[in-house]
Amino acid sequence: MKKLLLTGLISCLVGSTVAYSQGCIEPSSSASGPQVIGYIQGENVSQFKDNDESTNSFSFRRARLGVTGSIPYNFTYYVMTELSPTMGGPYILDAFLTWKAAKNYVKVSAGQFKVPFGLELSTPCQSLFTYDRSLVVNELASPFRDQGIMFSGSTDSLKIFGMEKPNIFSYSLAITNGTGVNITDTNTSKDIVGRLVFAPCNFFQIGGSFHTGEQKNPDATITKADKKTRWGADLQLKKSFGKFGFISQSEYIYGKDEGSKLVGGGCGGTPTPVIGTFKSQGYYSQLMIQTPWKIEPVVKFQSYDPNMNLSDYDATSYRKDSWVSGFNYYVNDWTRLQVNYVYNMEGSSKTDYFKYNEYKNDMLVVQLQFILH
């Protein structure tokens, strides 16, 4: 029984233990040479719609294969490819070199990596508690990956305020192109992305993130640069009661786009530019229950407002709310079954949160994941 509980705990804690790394999977400390890593997420998605437009499809949400390893002295390398045709593969997803400049206190990474913004984005895809990241993260944290240089680290074993817990503070600061995966910069300006996490105990951690930058407007006749501003705050609580454990995560993100904004994209997708000036915001809150039977019930509520300037919402810019419920079943350390039902609600008024432009667009997602490492 203890072994079953440990398996579930290890799987759930992965999101926390590697939350500040740039790649999906950490290299094994015991590996002496290049280590092949990767994972596959095959799934079936049933979409329930009106007018006989419902769909049921099998696909690969993600299919990733890469290599990681160490180079003398204090250097590590990481390369990951996306092979899933659903995600537009194959292409290079991550490719960066990391130098431990001062043990775990200061690390310098250069190449293409995941930007350090927010709790859910910092969680590797194979460690997400639901089938995909929240809508607000997909919309406002993109591009998820970019090319540039990043400084990161933690307080490691230093005693802060008399506390002996390791990694009380963790930080990341990246200077990137701001253009996304495998795309060169289009101007001389760089994006700045940063994240700071305070974790004084195992029960509690709080984080803050920001992202600012300038890019060329998609309309070639507009010479004024677009400006992007993002900031976010997140909270994680973890507590065990006997053979059961509880994890609660909440995150809020605010975004302001002046000139144009990118809609969609998320993890490996291609975002669509929309001309205009927008203020957007959203949040999610989720609860996971760890059990000694390898089953982990999950419930999440998420809300996203794509245009805070509108007092009422039309068919393209209303507030989007949804409930995601289901469970994760950890077959072993490498295999996980995930079942999520997504109940979508479309808000009709900024001032009346009890009215909805409701139409059928719910989903049932069944995902099977295999990890190679």
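The following exchange examines how several descriptions of this predicted model are justified.

User: What makes up the secondary structure of the protein chain, and how many of its residues count as buried, in percent?

Analyst: The protein chain holds three helices and 16 strands. Of its 373 residues, 48% count as buried. About 17700 Å² of the chain is exposed, and carbon and sulfur atoms supply 63% of that area. Among contacts with a separation of 6 or more, 58% link residues 24 or more positions apart.

User: Why is Ser303 called buried?

Analyst: Its relative accessibility is 8%, and buried means under 20%; Ser303 therefore counts as buried. The residue lies in strand S13, which spans residues 295–305.

User: How do you know that the side chain of Ser303 makes a polar contact with the side chain of Asp321?

Analyst: The two side chains are paired at 2.6 Å, and the cut-off for such a pair of N or O atoms is within 3.5 Å. The pair is thus listed as a polar contact. Asp321 also appears among the residues in contact with Ser303 once neighbours within four places in sequence are left aside; the others are Val136, Gly282, Tyr283, Arg319 and Lys320.

User: Why does Ser280 count as buried?

Analyst: Ser280 has 1% relative accessibility, set against a limit of under 20%, so the residue counts as buried. Ser280 belongs to strand S12 (residues 272–290).

User: What lies 2.7 Å from a polar atom of the side chain of Ser280?

Analyst: That is the backbone oxygen of Pro306. Pro306 is also in contact with Ser280, as are Tyr304, Asp305, Asn307 and Met308, among others, leaving aside neighbours within four places in sequence.

User: Is Tyr91 buried or exposed, and why?

Analyst: Tyr91 has 17% relative accessibility; the value is to be judged against the limit of under 20% for buried residues. Tyr91 therefore counts as buried. Tyr91 is found in strand S4 (residues 91–104), and a polar atom of its side chain lies 3.4 Å from the backbone oxygen of Met87. Its C-alpha atom is 9.2 Å from that of Val181, 90 residues apart along the chain.

User: Why is strand S15 described as largely enclosed by the rest of the structure?

Analyst: Nine of the twelve residues in S15 (residues 335–346) are buried, so the strand is largely enclosed by the rest of the structure.

User: How do you know that S15 pairs with strands S14 and S16?

Analyst: Two strands pair if there are at least two bridges between them. Strand S14 (residues 320–330) is joined to S15 by eleven bridges, and the two run antiparallel. S15 and strand S16 (residues 361–372) pair in the antiparallel sense over eight bridges. Val324 stands opposite Val342 in S15, while Val339 stands opposite Val366 in S16. A hairpin of four residues joins S14 to S15.

User: Which residues of the largest nonpolar core touch the most other members?

Analyst: Of its 28 residues, Leu121, Val136 and Val137 touch the most other members. Strand S1 (35–49), strand S3 (75–82), S4, helix H2 (119–122) and helix H3 (135–140) each supply at least two residues of this core. Apart from this core lies another, of six residues, including Tyr131, Val324, Val342 and Met363.

User: Which residues does Val137 touch, not counting those up to four places away in sequence?

Analyst: Val137 touches Glu120, Leu121, Ser142, Phe144, Ile253 and Tyr284.

Technical notes:
Residues are numbered from 1 along each chain as its sequence is written. This is a predicted model: local features need pLDDT of at least 70, side-chain atom pairs count only at pLDDT 80 or more; totals for chains, interfaces and linings use all residues. Side-chain values use heavy atoms; hydrogens and water are left out. Buried means under 20% relative accessible area, exposed over 50%, partly exposed in between (1.4 Å probe, protein chains only). A polar contact is a pair of N or O atoms within 3.5 Å; within protein, one must be able to donate a hydrogen and the other to accept it, and residues adjacent in sequence count only if both atoms are side-chain atoms. Contact means heavy atoms within 4.5 Å. Accessible areas come from the Shrake-Rupley method with a 1.4 Å probe; for residues, only the protein chains shown count as cover. A nonpolar core is a set of buried Ala, Val, Leu, Ile, Met, Phe, Trp, Tyr and Cys residues joined through side-chain atoms within 4.5 Å.
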